[in-house]
Structures are given as structure tokens and as C-alpha cells.
Amino acid sequence: QVQLVESGGGLVQPGGSLRLSCAVSESIFSTFHLGWYRQAPGKQRDWVATIHSGGYLSYANSVKGRFTVSRDEAKNTMYLQMNTLKPEDTAVYYCNAISPYGLGPSGGYWGQGTQVTVSS
């Protein structure tokens, strides 16, 4: 059974930093594209960043230069380092794993989400 489990959310002041983690099932970790999404209250879920199975990184314009996505293959874990946080970064953050070959469910697998609140 494929599982994605996020952790690391919390309350942080504007300008602060936070690192999110997503533990991913070993069976898909190296072969799926791994991504982060976020959903603010009353808004749609938006894409944040992706680390492609080949290692290529891509970011939404709103977080480029502030957020860094990475992965640790020894731990089967993906990370999102978030710096210079702004109140508008407040959201529930979800990790996603999607197959480049169309395997698994449409839209990929999702974690349960972790809350990030940026406020003074």
C-alpha cells in the first residue's frame, strides 16, 4: 500500500523558516515525480514545487527563490525548505506522488496534509 506522510508544519512568524517532510513509500520513491501543493482556506489547491523522477526541479513563481524542494533517497523522504515566509504562504501543504508512466490513480497519491500558518 502506497503511503505519503507529511510532517513539519506549524506556526511561524513572517520572515521565518520551516521545513516540511514527506515520507514516501519505498516502492514509488525513485520512480514517481514528487511534488508539493498547498490549499488556503476557501481557495483551490495550488501547485508549489516538483522534484521530477530524474531530479529536475520546478517551482511556482510565487515561491521561486524562497522555497527549495529536495529528497533523501536513503530515507525515502522529500523535503520542502521554506524561507522568508509570508502570511500568504499560510495553507495546508500536501505532498503528491504521480507516475510519469500513468501508473496508479489519476492525479497520483496524496498525503494527509500539514498546516502551515505564517502570522505575527
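This section describes a four-stranded sheet and the aromatic contacts of a predicted model.

The sheet is open and comprises 4 strands, arranged in the order S1-S3-S8-S7 with antiparallel pairing. Its edges are formed by strand S1 (4-7) and strand S7 (67-72), each of which pairs on one side only. From one strand to the next, the twist averages 15 degrees. Strands of a sheet pair through backbone hydrogen bonds, in either a parallel or an antiparallel manner. Within this sheet, strand S3 (residues 18-24) and strand S8 (residues 77-82) are joined in the antiparallel sense over 6 bridges. Ser21 has Tyr79 in S8 as its bridge partner.

A search of the whole structure for contacts between aromatic rings identified 3 aromatic pairs. One of these involves Phe32 and Tyr109, whose ring centres lie 6.2 Å apart; the planes meet at 35 degrees, so the pair is classed as tilted. Phe32 is located in the loop between helix H1 (26-29) and strand S4 (33-39), whereas Tyr109 belongs to strand S10 (residues 109-110); the pair therefore ties together parts that are 77 residues apart in sequence. The two partners were also assessed for accessibility. Phe32 has a relative accessibility of 6% and counts as buried because this value is under 20%. Tyr109, at 24% relative accessibility, counts as partly exposed.

A further aromatic pair is formed by Tyr37 and Trp110, with a centre-to-centre distance of 5.0 Å and an angle of 65 degrees between the planes, an edge-to-face arrangement. This pair likewise links distant parts of the chain, since Tyr37 lies in strand S4 and Trp110 in strand S10, 73 residues apart. Tyr37 counts as partly exposed, at 22% relative accessibility. Trp110 is also partly exposed, with a relative accessible area of 35%. Together with Tyr94, Tyr37 and Trp110 form one aromatic cluster.

Two members of this cluster are also contacted by the side chain of Arg45. The charged end of Arg45 sits over the ring of Tyr94, at 3.7 Å from the centre of that ring. Arg45 additionally lies over the face of Trp110, where the distance to the ring centre is 4.6 Å. Trp110 thus takes part in the edge-to-face pair with Tyr37, in the cluster that includes Tyr94, and in the contact with Arg45.

Technical notes. Residues numbered from 1 in each chain as written. Predicted model: local features only at pLDDT ≥ 70, side-chain atom pairs only at ≥ 80, totals over all residues. Heavy atoms only, no water. Pairing = 2+ DSSP bridges. Helix = DSSP H or I, 4+ residues; strand = E, 2+ residues; numbered from the N terminus. Axes fitted to C-alpha atoms, helices over the stretch in contact; angles between N-to-C directions. Phe/Tyr/Trp six-rings, centres within 6.5 Å; stacked < 30°, edge-to-face > 60°. Buried < 20%, exposed > 50% of the residue type's maximum accessible area, 1.4 Å probe, protein only. Lys NZ or Arg CZ within 6 Å of the ring centre and 35° of its normal.
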